[in-house]
2 protein chains.
Amino acid sequence: MENERAIFEMGKQSIKLPMPVYIRASASVVGKKEKEGPLGHLFDIASTDDQFGQKNWEDSESELQKQAVNKVLEKAEMKWEQIRYLFAGDLLGQGIATAFGLKDLGIPLFGLYGACSTCGEALSLGAMAIGGGFAGNVVCVTSSHFASAEKEFRFPLEYGGQRPPSSTWTVTGSGAFVLSAHPGKAPRAIITGITTGKIEDYGIHDSMNMGCAMAPAAMKAIEANLKDFGRTPSDYDRIITGDLGSVGKEALIALLKEKGINIEAVHMDCGIEMYDLQKQGVGAGGSGCGCSASILSAVLLDKLERGEWKRILFLPTGALLSKTSYNEGKNVMGIAHGVVIESLGITR
Amino acid sequence: MENERAIFEMGKQSIKLPMPVYIRASASVVGKKEKEGPLGHLFDIASTDDQFGQKNWEDSESELQKQAVNKVLEKAEMKWEQIRYLFAGDLLGQGIATAFGLKDLGIPLFGLYGACSTCGEALSLGAMAIGGGFAGNVVCVTSSHFASAEKEFRFPLEYGGQRPPSSTWTVTGSGAFVLSAHPGKAPRAIITGITTGKIEDYGIHDSMNMGCAMAPAAMKAIEANLKDFGRTPSDYDRIITGDLGSVGKEALIALLKEKGINIEAVHMDCGIEMYDLQKQGVGAGGSGCGCSASILSAVLLDKLERGEWKRILFLPTGALLSKTSYNEGKNVMGIAHGVVIESLGITR
């Protein structure tokens, strides 16, 4: 029996998907500040305020997820009955933005937590569910909200805390994706592989410099991905990290150079792209698990769909900490989950 | 291409695993009160205090997970290099017991949150990873700790808050499992199917009565499982919920009777089994995602391994809330993830 079994393991920590996993549709929802940024015109939905008509910030974030999943289903021209599983998460304790945002859908739910890397985790597990034949269609969705995250991790907005330049600004946003075994009318792209991250603890202790806390995990995941798939950085049109920001980007490039890997020509970071770093007062850039998710939907998949890019490594990065762990003097650790996404032009 | 694809969907929310997923080994670690309970002598490791040699309760819970995963690997006679993925979670905000407990293992990690149902979620996703050919071996682990949970959800112990009889006592415990495509020398049992839960919101508002908040989710998952697999309750030697406790058990039995399903003869609840409800002052029973996990390892798998039981539906139940959601006046919702586990006697 053991010999009959197909194994899709690639190298030490990657897998190659045995059958096509189409990103059949995607949707993005963002808040006011994101709308005002350089990519603002590309998102499907942008709120005029950040409350999304709700009474508290947690409900606002739930509403973000709700709008994102409804929009993605509309764009996929599908009904909820066709969706087998939800893979979803957010940054709040006990994933409450997700739980209250998705509760009325009546779809089996796998709740996830990978900090700001959760979009990569959700796409990885969703792709495995499709690739393994366990589902025909799944929805992956993640969100973050500036105000609910400040309250959860740092101080309520009313406190007016100051922020150092290395800190990042949690993106108010959500991205949702229909993954499917079937291409549908106009699939956006195809997931061909995943590289699952390990926790990396480089002794970083400054929760206001999460870019540096996550850079080692990004470095390790990129190194593993290239080795496992036998690729060089130039085999990707872009290697796109989630939310390292300008400080973390510098650290990542330097760490990889020590390993003899130069990704400068192809590196891009969603946190840097989201805002005008000079004018919008966001420190080192955007962060949160809605940052990479909304940009994947609004920007990256467009380039793949149009064939401008052939293949990317999408690598959301997460900083592992809580208010409690930080107050107890623990380090801020990192994790990064890589997803190889290809244009249908070259795989069809 | 679409026609070539095997689909393992069973009915509306279940799947049948296409290839054997062995529970190759399991391990359990508990605290002092659990050791003093009626099952105390069955756990692999029991601490003489609940601090596990650590300085704070979060670190104690991390140590619980660490001991559980090290023990399960020892029992499986495997090395960490043989483990492809970790599927892991706990009850704390941002899953910090898991992150700090497993950080040194160097294994790709999928962080999960399903409240007290997380053991079912972890086994489901782990089984899909094995069953889909994405991994040869994975470890699933969940934990909870009475003191870290009280601090996270209710009040720090020093506050001395009173507890109503319907409240449950968070189990200090962890269960870890090696799932494998290969039986090894002495596999404990085999996972043959999963039924993934949806969020059920029955308007329950009392966070001190989580049994009733979770009972509707357990009812729906049991109903779906029986329908999807074309079974009756007597096709299972036991249908085992995670932590409904004595109050939630009554609600579950009644709710299922309304649907024409009677599980009284085969129902068992891990939360009720863990303690002596008359003598140990635990209210309606035990709870937490270490409750069902440690009992699955120490009690349920023993019965399956010995062939005393042929098939069980293991159904950890979770209450979806956070301190913040509760304080903002939100309901306590439920979710339950079912795993069909069979004795190797009938499947070999």
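Residues are taken as buried when their relative accessible area is under 20%. By this criterion, strand β13 (residues 311-315) of chain A in the predicted model is mostly covered, with 5 of its 5 residues buried. The burial extends to both faces of β13(A). On one side lie A:R311, A:L313 and A:L315, and on the other A:I312 and A:F314, and all of these residues are buried.

The pairing of β13(A) was examined next. Strand β10 (residues 238-241) of chain A runs parallel to β13(A) and is joined to it by 4 bridges. In this pairing, A:T241 stands opposite A:L315 of β13(A). A second partner of β13(A) is strand β16 (residues 338-342) of chain A, which pairs with it in the antiparallel sense, again over 4 bridges. Here A:I312 stands opposite A:I341 in β16(A). A:L315 and A:I312, named in these two pairings, belong to opposite sides of β13(A).

The interior space of the model was then surveyed. The count comes to 9 cavities of 30 Å³ or more. The largest cavity holds about 310 Å³ of space and is lined by 33 residues. Nearest its centre lie A:L112, A:Y113, B:G111, B:L112 and B:Y113, so that both chains are represented there. Elements giving two or more residues to this lining are β4 (85-89), α3 (96-102) and β5 (109-111) of chain A, together with β4 (85-89), α3 (96-102) and β5 (109-111) of chain B. By class, the lining of the largest cavity comprises 16 nonpolar, 14 polar and 3 charged residues.

The second largest cavity has a volume of about 100 Å³. Its lining is formed by A:L91, A:Y113, A:A115, A:C116, A:F153, A:R154, A:T170, A:M210, A:S287, A:G288, A:A319 and A:L321. Of these residues, 8 are nonpolar, 3 polar and 1 charged. A:Y113 is thus named in the lining of the largest cavity and also in that of the second largest.

A:C116, one of the residues lining the second largest cavity, was also considered in the search for disulfides. Over all chains, 0 disulfides are found. The closest cysteine sulfur to that of A:C116 belongs to A:C289 and is 6.0 Å away, which is too far for a bond, because a disulfide requires two cysteine sulfur atoms within 2.5 Å. A:C119 is likewise in no disulfide, and its nearest cysteine sulfur, that of A:C140, is 7.6 Å away. Both residues count as buried, A:C116 at 7% relative accessibility and A:C119 at 2%.

How values were computed
Residues numbered from 1 in each chain as written. Chains lettered and ligands numbered in written order. Predicted model: local features only at pLDDT ≥ 70, side-chain atom pairs only at ≥ 80, totals over all residues. Heavy atoms only, no water. Buried < 20%, exposed > 50% of the residue type's maximum accessible area, 1.4 Å probe, protein only. 1 Å grid on protein atoms, 1.4 Å probe; cavity = no way out; pocket = protein on both sides within 12 Å on 5 of 7 lines; lining within 4 Å. Points joined across faces, edges and corners; volume = space filled by probe spheres on them. Nonpolar A, V, L, I, M, F, W, Y, C, P; charged D, E, K, R; others polar. Pairing = 2+ DSSP bridges.
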